[in-house]
Each structure stands twice: as C-alpha cells, then as structure tokens.
Amino acid sequence: MNKETEKSTSTVEAAPKLLLSVSPHIRSQTDVQVVMYWVVVALVPAMIWSVYVFGIRTLWLTLTSILTAVLVEALFQKVRGRPITVYDGSAIITGILLAYNVPPGVPYWLVVVGSASAIGVKQIFGGLGYNIWNPALLGRAVIMASWPVHMTTKWLAPKFGTLSGIDAVSSATPLSVLKEAHRVFADPTSLPQQIAQVKLGVSQLYSSQGLANLFWGNVGGCIGEVSVALLLLGAILLFAKKIIDWRIPITYVGTVAVLGWIFGGAKGFFTGNVLFQVMAGGLILGAFYMATDMVTSPVTRRGRLFFGVGCGIITVIIRAFGGYPEGVSYSILLMNATTPLIDHWTSPKKFGSAKQRN
C-alpha cells in the first residue's frame with residue numbers, strides 16, 4: 001500500500017459517521033433547547049398554583065429537585081469526558097417533573113434521591129436521546145419502591161379545602177377515597193355504617209362541587225397534578241407551538257374515560273364517573289407532559305395511538321384492580337419499554353419495497 005492510499009484510508013476512518021435516513025427531510029429552526037424551555041414555561045402555572053394552595057415549601061422542593069438534576073447531569077458528563085449540556089433544559093424538566101410527582105410534605109432528601117436517580121439512569125443509558133424510560137417517572141418509581149410511607153402519607157390539604165376535596169372524608173386523596181369504597185363494597189363483612197359512609201363519600205366525589213374542586217385544584221395530591229385547569233392551559237400552549245402531538249394524550253385520556261366508566265365505579269360495572277376518572281390523580285399531568293416525551297414514545301403516528309391506548313388500559317387496570325389507587329406512572333413506564341416494538345410494527349413500508357418471501 002503506497003503513502004497516498006494509506007493517507008486516504010486514515011482520512012476515511014477518522015471522518016465522523018454520517019447517518020442517512022429516508023427522505024423527505026424538513027428543516028426547522030426549533031432545536032431541543034427551545035422545545036425544553038417551552039415545556040418549562042407550560043409547567044409554570046401549575047407551579048404557581050401549588051405554591052398558593054400548599055405553601056412556599058413546594059417551591060423549595062421543586063428548586064431542590066432541579067438543582068440536583070442539573071448538578072448530577074453535569075457531574076456525569078464531566079466524569080465521562082463529554083461536553084456539559086445542562087443548559088439544554090432537559091435536566092431542568094426532569095427536576096420539575098420529579099418534584100411534581102411527589103406529595104408536598106415529603107422531606108427534601110427524598111427529592112434529592114429521586115432526582116439523582118432519574119438523571120443517573122438517564123446518563124447510564126447514554127444521556128438525552130438514549131434513555132428508554134421517562135427519567136422523572138423512573139426516579140419517582142425508585143423513591144416509591146424505597147420509601148412508600150413518605151410517598152403515600154405526606155399529603156397536605158389545600159389552602160381552602162380538604163385533602164379529598166369533599167367533607168365526608170378529609171384524610172385521604174380522592175382516588176384513595178374511591179379505592180376504599182371499592183374495598184368496602186366488595187367485602188361481605190362490611191358494616192352498614194361503613195357502607196353508608198363510603199356511599200356518602202362517593203356521592204360527594206361525583207357531585208358538581210367535588211368535580212369542580214378537581215378541575216380548579218382545591219384538593220390534595222402531588223405538587224404539580226392538582227389543578228387540571230392550569231395543566232390544560234399549559235398543554236394548549238404546547239399544542240399551539242406544535243411541541244406535542246394530540247394522538248398520545250387524547251387516546252390516553254379517552255381510554256381512561258371509557259374504561260373508567262366501565263370498570264372504575266365502586267358499585268360495579270358501568271357505574272364509574274368519566275369526569276372523575278379523567279381529572280383525579282395525575283392523569284392530565286402524565287398524558288400531556290410525560291407520555292408525550294419525544295425520546296421515550298413512538299415516532300410513528302399509528303404507534304402513538306397504540307401507545308396512548310396502552311397507557312390508558314394499564315392505568316385503569318391498576319386503579320380498579322391493583323394495590324395502588326393511581327396507575328399513571330407505572331403505565332407510562334411499562335409502555336415506554338414497548339416503544340421500540342411499537343415503532344417496528346407500525347413503521348411505514350419503504351416505497352418500492354416488496355414483501356419478503358419465506
């Protein structure tokens with residue numbers, strides 16, 4: 001091999017790899033950083049409301065979670081010798097969403113552990129764009145499995161209402177009240193007084209006042225999930241900026257509405273309340289802000305429909321038949337694991353290709 005050939009070979013080996021994909025290609029001025037900060041803006045109204053109804057502590061918890069996420073991401077990138085990219089906003093969003101998924105009364109160290117776990121796992125998989133699961137939900141799953149008492153008891157009542165949003169029961173969240181009603185109605189040894197108490201509680205949950213409390217955010221719950229109205233306001237902004245696609249959130253919420261009506265009622269089939277199932281818990285937060293994560297959700301349009309329906313089915317199964325009153329987090333995480341398979345099944349056929357013969 002002469003010198004010119006050797007030089008040519010070494011140049012080819014040193015050149016960066018160029019990845020080609022099928023046309024057409026669309027050039028956009030919107031980059032990852034712009035998308036991330038628009039999501040942050042969309043989440044701000046819910047943050048302001050949580051501070052108003054739960055106190056300034058929720059703001060410190062959120063800032064602690066954000067700071068932890070940014071520092072851990074920078075540390076991982078420094079140790080691995082990679083460029084520091086904490087200013088792209090992805091770590092900030094992870095910190096916000098992790099804080100939005102914990103009760104407002106949890107200790108500060110808990111959000112530090114959750115946020116560090118979320119970023120740590122994301123970086124282990126290679127960083128932004130390579131993670132399989134939504135980082136914030138994965139961090140929540142870690143602290144939920146490790147400290148379930150903190151995650152299921154550190155609730156705070158809102159400033160102008162009760163934890164449940166109703167008067168009959170003031171010591172449990174709305175979904176916990178419904179879960180207890182399921183248990184009492186299914187237990188043949190339940191006393192008449194217990195049955196009467198849960199009947200009153202369910203009737204108040206489904207009343208116009210109970211539903212209004214859910215919509216405006218006058219109930220207990222995780223920091224960022226209590227106000228359906230403000231979460232939807234942020235979602236409208238994301239739709240307007242074309243940052244999220246309608247397929248996942250609409251099919252997700254629609255599936256929960258239908259199956260929640262069929263299986264979600266405390267008195268048997270077809271006794272569930274559609275509006276309650278949709279507005280209670282973290283469904284709106286999960287459907288519009290976490291299930292739509294562009295890294296961990298399908299890229300194909302048909303795939304997004306399947307993904308949303310799958311999230312809805314798992315959520316209702318957990319709510320109606322599982323041990324927890326809520327199922328949004330685990331439903332999204334489980335469906336994240338199916339994303340590569342969904343994309344494989346729903347990828348459009350290449351133009352001019354033929355079906356492979358066995």
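Colleague: Where does K242 lie in this one?
Modeller: K242 lies in the loop between α11 and α12 (247–263), where helices are DSSP runs of H or I with at least four residues, numbered from the N terminus. This is a predicted model, in which local features need pLDDT of at least 70 and side-chain atom pairs count only at pLDDT 80 or more, while totals for chains, interfaces and linings use all residues. Residues are numbered from 1 along each chain as its sequence is written, and side-chain values use heavy atoms, with hydrogens and water left out.

Colleague: And what's its phi like, and is K242 buried or exposed?
Modeller: K242 is not a glycine, yet its phi is positive, at about 60 degrees. Its relative accessibility of 74% makes K242 exposed (over 50%; buried is under 20%, and partly exposed is in between, with a 1.4 Å probe and protein chains only).

Colleague: What about F270?
Modeller: F270, also not a glycine, has a positive phi of about 60 degrees, and it sits in the loop between α12 and α13 (274–279). F270 has a relative accessible area of 48%, so it counts as partly exposed.

Colleague: Switching to packing, how do α2 and α11 run relative to each other?
Modeller: The axes of α2 (residues 32–54) and α11 (residues 228–240) come within 8 Å and cross at roughly 165 degrees, so the two helices are roughly antiparallel (over 145 degrees, whereas under 35 is roughly parallel, 65 to 115 roughly perpendicular and the rest oblique). The axes are fitted to C-alpha atoms over the stretch in contact, with angles from 0 to 180 degrees between N-to-C directions.

Colleague: Which residues meet there?
Modeller: From α2, W38, V39, V41, A42, P45, A46 and W49 meet L230, L231, G234, L237 and L238 of α11, contact being heavy atoms within 4.5 Å. By class, that contact has 11 nonpolar, one polar and no charged residues.

Colleague: How does α14 cross α11?
Modeller: The axes of α11 and α14 (residues 283–290) cross at roughly 15 degrees and come within 10 Å, so this pair is roughly parallel. On the α11 side the contact uses V228, L231, L232, G234, A235, L238 and F239, and on the α14 side I284, L285, F288 and Y289.

Colleague: Last thing, how many disulfides are there?
Modeller: The search of the whole structure finds zero, a disulfide being a pair of cysteine sulfur atoms within 2.5 Å. As for individual cysteines, C222 is buried with a relative accessible area of 4%, and C311 is buried at 0% relative accessibility.

Note on methods:
Ala, Val, Leu, Ile, Met, Phe, Trp, Tyr, Cys and Pro count as nonpolar, Asp, Glu, Lys and Arg as charged, and the others, Gly among them, as polar.
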